[in-house]
Amino acid sequence: MDKPGLRERKKQRTREALTDAAYALFRSNGFDATTVDQIAEAVEVSSRTFFRYFTSKEDVALSLADEQITAMLDSFAAQPADVPVLTGLRRASVEVVRAYEADSDQDRYQRTQDLISTSPALMAACTERGAARLDEVARLVGVRMGVDPTADPRPHLVASVVLCSVQTVITAWRATGRQAPDSELIGQAFDLLSTGLDYPAARN
């Protein structure tokens, strides 16, 4: 594989500098109070330069979450053809998050999760961005199932659960005091989904 050229490396460094500056400001000022102008000023670039890399401060805050979804879908698509849908999605999700938890992106990953969990606006934006990829996920699920998502409702149902519900329940679990790595909680969420949700009513 060819190494990126000087121009590409410079662009990557600028993108990383903007991300680091944004998170430093989010941490000190709060997400809502931080402006694009402040982020750009911290890196000594113009706001116009900022918008060459990101569309908004929400975009920079959720850039890692977007990367995770893409990596998860790539991993899911690469699973052996005989792997069932939820099993494949579980494997892909756990593997991707575990990799972020373990490598040099660990600090960035944790900063992203902490920021999302403390900002209702970002939590809503994260859910919206996931929902925007609903058709993409449904298509991959349909390919694995051998069905057409435009005719069979199940791929979109699975996609909706994976994109919107799993992260939401992890946030809810953490609010109740559950302490475990995200990769472990994601695995638990998929395990519960695989057993079905029609729980019996408690008898009086």
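The chain has 11 helices and zero strands. Read along the sequence, its pattern is therefore helix after helix, α-α-α-α-α-α-α-α-α-α-α. This is a predicted model, and every value below is computed from it. The C-alpha atoms fill a box of roughly 60 × 50 × 30 Å, taken along the principal axes. The chain has 204 residues, and 40% of them count as buried. Among contacts with a separation of 6 or more, 58% are between residues 24 or more positions apart.

The interior comes next. In soluble globular proteins, nonpolar side chains tend to be buried together. In this model the largest nonpolar core has 29 residues, and Met72, Leu89, Val141 and Ile186 touch the most other members. Five helices give two or more residues each to this core: H5 (63-77), H6 (85-102), H9 (134-145), H10 (154-175) and H11 (182-194). Val141 shows how parts of the chain come together there. Leaving aside neighbours within four places in sequence, Val141 is in contact with Phe76, Val85, Leu89, Pro155 and Val158. A second core, separate from this one, has 22 residues, including Leu18, Phe50, Val60 and Leu62.

The model also contains enclosed empty space. Rolling a probe the size of a water molecule over the atoms shows where empty space is left. One cavity of 30 Å³ or more is present, and the volume of the largest cavity is about 450 Å³. Its lining is made of 24 residues, with Gln68, Ile69, Val162, Leu163 and Gln167 nearest the centre. The helices that supply two or more residues to this lining are H5, H6, H7 (106-118), H8 (120-131), H10 and H11. Helix H10 gives the largest share, seven residues. By type, the cavity lining divides into 16 nonpolar, seven polar and one charged residue.

Charged side chains form another set of links. Nine salt bridges are found in the whole structure. One of them joins the side chains of Arg111 and Asp20, at 3.6 Å from N to O. This pair links distant parts of the chain, since Arg111 is in helix H7 and Asp20 is in helix H1 (residues 6-29), 91 residues apart. The two partners differ in how far they are covered. Arg111 has 16% relative accessibility and so counts as buried, the cut-off being under 20%. Asp20, at 43% relative accessibility, counts as partly exposed.

Arg111 has another partner, Asp107, in a salt bridge of 3.4 Å from N to O. This bridge lies within one helix: because Arg111 and Asp107 are four residues apart in helix H7, about one helical turn separates them. With a relative accessible area of 52%, Asp107 is exposed. Taken together, Asp20, Asp107 and Arg111 are linked in a network of salt bridges.

A further salt bridge joins the side chains of Asp182 and Arg174, at 2.5 Å from N to O. Asp182 is buried, with a relative accessible area of 6%, whereas Arg174 counts as partly exposed at 30% relative accessibility.

The pair Asp182 and Arg174 appears again in the account of the pockets. The largest pocket holds about 210 Å³ of space. Of the 16 residues that line this pocket, Gln110, Gln113, Asp114, Arg174 and Asp182 lie nearest its centre. Helices H7 and H10 are the elements that give two or more residues to its lining. The largest share, seven residues, comes from H7. The lining of the largest pocket divides into six nonpolar, six polar and four charged residues.

The second largest pocket holds about 150 Å³ of space. It is lined by Gln12, Arg15, Glu16, Thr19, Asp20, Ser63, Glu67, Asp105 and Arg108. Here the elements that give two or more residues are H1 and H5, with the largest share, five residues, coming from H1. This lining has no nonpolar residues, three polar and six charged. Asp20 thus has two places in this description, as a lining residue of the second largest pocket and as a member of the salt-bridge network with Asp107 and Arg111.

Conventions: Residues numbered from 1 in each chain as written. Predicted model: local features only at pLDDT ≥ 70, side-chain atom pairs only at ≥ 80, totals over all residues. Heavy atoms only, no water. Core = buried A, V, L, I, M, F, W, Y, C linked by side-chain atoms within 4.5 Å. Buried < 20%, exposed > 50% of the residue type's maximum accessible area, 1.4 Å probe, protein only. Contact = heavy atoms within 4.5 Å. 1 Å grid on protein atoms, 1.4 Å probe; cavity = no way out; pocket = protein on both sides within 12 Å on 5 of 7 lines; lining within 4 Å. Points joined across faces, edges and corners; volume = space filled by probe spheres on them. Nonpolar A, V, L, I, M, F, W, Y, C, P; charged D, E, K, R; others polar. Salt bridge = Lys/Arg side-chain N within 4 Å of Asp/Glu carboxyl O.
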